[in-house]
Amino acid sequence: MKPMYRMENPSKRGVVKGIFKFNNAWKIFVKDWKEMRHNRQLFWSVLLFPLIIAIGLPLMMMGTFIADGIPATEIYEIFKVEIGSMMKLQFMLIPVIVCAMIAGDSLAGEKERKTAETLIVLPVTAKELFIGKVLAALIPALLYAVIGFAIMGILSNLLVLEPILAGNPPIIFADLSFWVIAFLLSPIFVLVMVQVVVAISARLSTAKSAQQVSMIFAIPIFGVMFISFTGPGIISDVGILLGLSAILLGIALVLANFGSRAINKERFIATL
Amino acid sequence: MITLEAENLVKTFNDKSHKREVPAVDDISFSINAGEIFGFLGPNGAGKTTTIRLLAGLYRPTSGRAKLYGQDVAIVGDRIRKDIGFLTENHGNYENLTVYENLKFFGGFYGLSNLENRIKQLLEEFGLSERQYTRVGKLSKGLKQRLALARVLLHDPKILFLDEPTAGLDPQAAVEVRVLITRLRLGERTIFVNSHNLEEVQKICDRVAIINAGKIVQIGTAAQLDNDLFGAQELSIQVKETLPANLVAELQRLTYVKSLQANHTRLTMHLVDIDVNAPDVIECLTKGGAKILEVQRARHSLEEIYLALIADTRNTAGRGE
């Protein structure tokens, strides 16, 4: 039987636009997540960096302090201050690195693995594809940051267990700025980043080149780290952090609306 | 009923190095009927993939129209996706997912209420049931292509686009895929096959279009193309014993015999009008005492037709330059 195509939503160019279905975006996220889990190379390279930071850093610090003969109570005091400060940056750096690897691989990786055309012929809109790919990088990035936070927190407390058992309170991150960074600024910053990287990935033909470009986002983090270590503690000022979060949220929302325009299906497959 | 139509389709791409628009598809027109297997033949870079992408709505034409059931594909947009199945040149399966996961992922976009049953049915039909939990990366090329075919059939599309369906397969796997393709036409399904494999097209397609340098050179059934190109006036006769020289000479003297070749017991001749002249030739041979074993109207293979057409267009283009 001859099918009829309804024309209730024609755009200015006369093309009938599809309606955004979040379910379709979610399916793309689930597929990418499964793929990443089975792709050992990508999985381990993504997991390695958070593990090094979360486990390696406290151990390294502890080793240095023990080698210098610093007493346990003093190590406990240093850990309380330093680990807290380090955690803030970890919460920014881990998602940025994880995101750069996953989001860079997203669409450019589909081109490399020759699955892009198969994906583009599915009944999915550019926006569904874009949001699906954003989720596929954003969720693991934030998950890894939280896992890294948990590992680092538990490990740090275990390393100074003696003073804790002696009656000192466990190391917790009482500083409000830590929580603002961990659960507001970091996710929003990563959301901005991942949208830009997915858009870049749609234009480039290899995952490696997209990943290299996306590493630009690590520069401001290192800048903040440098400023914090040498001068004013801007990452402790809750007001500045909230203001920054608000600005980034605005950018993230604009990108969520217009980012999918970077996925022009015709241009996308023309670069295959 | 016409299901698919190209109406003066033109697609140009920007050639940045020469700062000009280069036509990949240059004013092509054809129509395909429901249930037809249509072959699209041409050398690499002829415009086959661009045409298939235009017809499937992946490219917007520079001018002209691609129509699906009479409606402009460029206007209908993504809505046509549910009516078409598109097998890309590379199998396009996700190698890190299992056979089942691939089918489940792709099938999930078509809103099928009975997806699980459909997957099961296709796995059985394509002999993949035992491999459903195997990662695609571990399958042979032939099995990957079978999975790709199963994938494009998930939503039971009315039109199938197959871009080089047997490229890179070993001969046995290619034969298997061809058998599957011919089975797919059941139920009035229209199949558009892009290929540069002449044997494949000859075996499975009802009609063929030959494209070169973005233009359609010829279109029709293999017999029509043979007739158009070679006139199909070649007669081949097998006799029991070698013909005597005087009988051969007598045949050569016949005014309607344009050329004659006698090779032991096989005679090949070009006639002015085969339908009128063939009975006279047979009569002449019989009168001369020849014992005829077989009379055959010579047919050219698609390969011969294709090579002649491509050579002809190249010569024409060469003269044009």
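In this predicted model, five charged residues of chain A are linked in a network of salt bridges. The members are A:Lys31, A:Asp32, A:Glu35, A:Glu110 and A:Lys133. Two of them, A:Asp32 and A:Glu35, also lie among the residues nearest the centre of the largest cavity. Over all chains, the structure holds 22 salt bridges.

The chain that carries this network has 11 helices and 0 strands. From the N terminus on, the elements of chain A read α-α-α-α-α-α-α-α-α-α-α. Chain A comprises 272 residues, of which 49% count as buried.

Rolling a probe the size of a water molecule over the atoms shows where empty space is left. The count comes to 2 cavities of 30 Å³ or more. The largest cavity has a volume of about 150 Å³. Its lining consists of 14 residues. Nearest the centre lie A:Asp32, A:Glu35, A:Leu42, A:Asp105 and A:Arg113. Three helices of chain A, α1 (22-38), α3 (72-112) and α5 (126-159), each supply at least two residues of this lining. Helix α1(A) gives the most, with 4 residues. By residue class, the lining of the largest cavity divides into 6 nonpolar, 3 polar and 5 charged.

The second largest cavity has a volume of about 100 Å³. Residues of chain A and chain B line this cavity. From chain A come A:Thr118, A:Val121 and A:Leu122. From chain B come B:Arg81, B:Ile84, B:Gly85, B:Phe86, B:Phe106, B:Tyr110, B:Arg151, B:Val152 and B:His155. Strand β6 (84-87) and helix α5 (141-152) of chain B each supply at least two lining residues. Here β6(B) gives the most, with 3 residues. The lining of the second largest cavity divides into 7 nonpolar, 3 polar and 2 charged.

Side chains of opposite charge can pair when their charged atoms come close. Several such pairs in chain B link distant parts of the chain. B:Asp26 forms a salt bridge with B:Lys215, with the closest N and O atoms 3.3 Å apart. This pair links strand β2 (residues 20-33), which holds B:Asp26, to strand β10 (residues 215-220), which holds B:Lys215. The two residues are 189 residues apart. B:Asp26 is partly exposed, with a relative accessible area of 23%. B:Lys215 is also partly exposed, at 42%.

A second pair joins two helices. B:Glu176 forms a salt bridge with B:Arg146, the closest N and O atoms being 3.1 Å apart. B:Glu176 lies in helix α6 (residues 171-184) of chain B and B:Arg146 in helix α5 of chain B, 30 residues apart. B:Glu176 is partly exposed, with a relative accessible area of 31%. B:Arg146 has a relative accessible area of 18%, and residues under 20% count as buried, so B:Arg146 is buried.

A third pair sits in loops. The side chains of B:Arg189 and B:Asp156 meet in a salt bridge of 2.5 Å, N to O. B:Arg189 lies in the loop between α6 and β8 (190-195) of chain B, and B:Asp156 in the loop between α5 and β7 of chain B. The separation along the chain is 33 residues. B:Arg189 is buried, with a relative accessible area of 9%. B:Asp156 is partly exposed, with a relative accessible area of 47%.

B:Asp163, in strand β7 (residues 159-163) of chain B, has no salt bridge, yet is buried. The nearest side chain of opposite charge belongs to B:Arg53, 5.9 Å away. A salt bridge requires a side-chain nitrogen within 4 Å of a carboxyl oxygen, so B:Arg53 does not form one with B:Asp163. Instead, a polar contact of 3.3 Å joins the side chains of B:Asp163 and B:Thr49.

A final case concerns B:Leu9, in strand β1 (residues 2-15) of chain B. B:Leu9 is buried, with a relative accessible area of 0%. The C-alpha atoms of B:Leu9 and B:Gly64 are separated by 4.3 Å. Along the chain, these two residues are 55 residues apart.

Methods: Residues numbered from 1 in each chain as written. Chains lettered and ligands numbered in written order. Predicted model: local features only at pLDDT ≥ 70, side-chain atom pairs only at ≥ 80, totals over all residues. Heavy atoms only, no water. 1 Å grid on protein atoms, 1.4 Å probe; cavity = no way out; pocket = protein on both sides within 12 Å on 5 of 7 lines; lining within 4 Å. Points joined across faces, edges and corners; volume = space filled by probe spheres on them. Nonpolar A, V, L, I, M, F, W, Y, C, P; charged D, E, K, R; others polar. Buried < 20%, exposed > 50% of the residue type's maximum accessible area, 1.4 Å probe, protein only. Lys, Arg positive; Asp, Glu negative; His and termini not counted. Polar contact = N/O pair within 3.5 Å; in protein donor to acceptor, adjacent residues only side chain to side chain.
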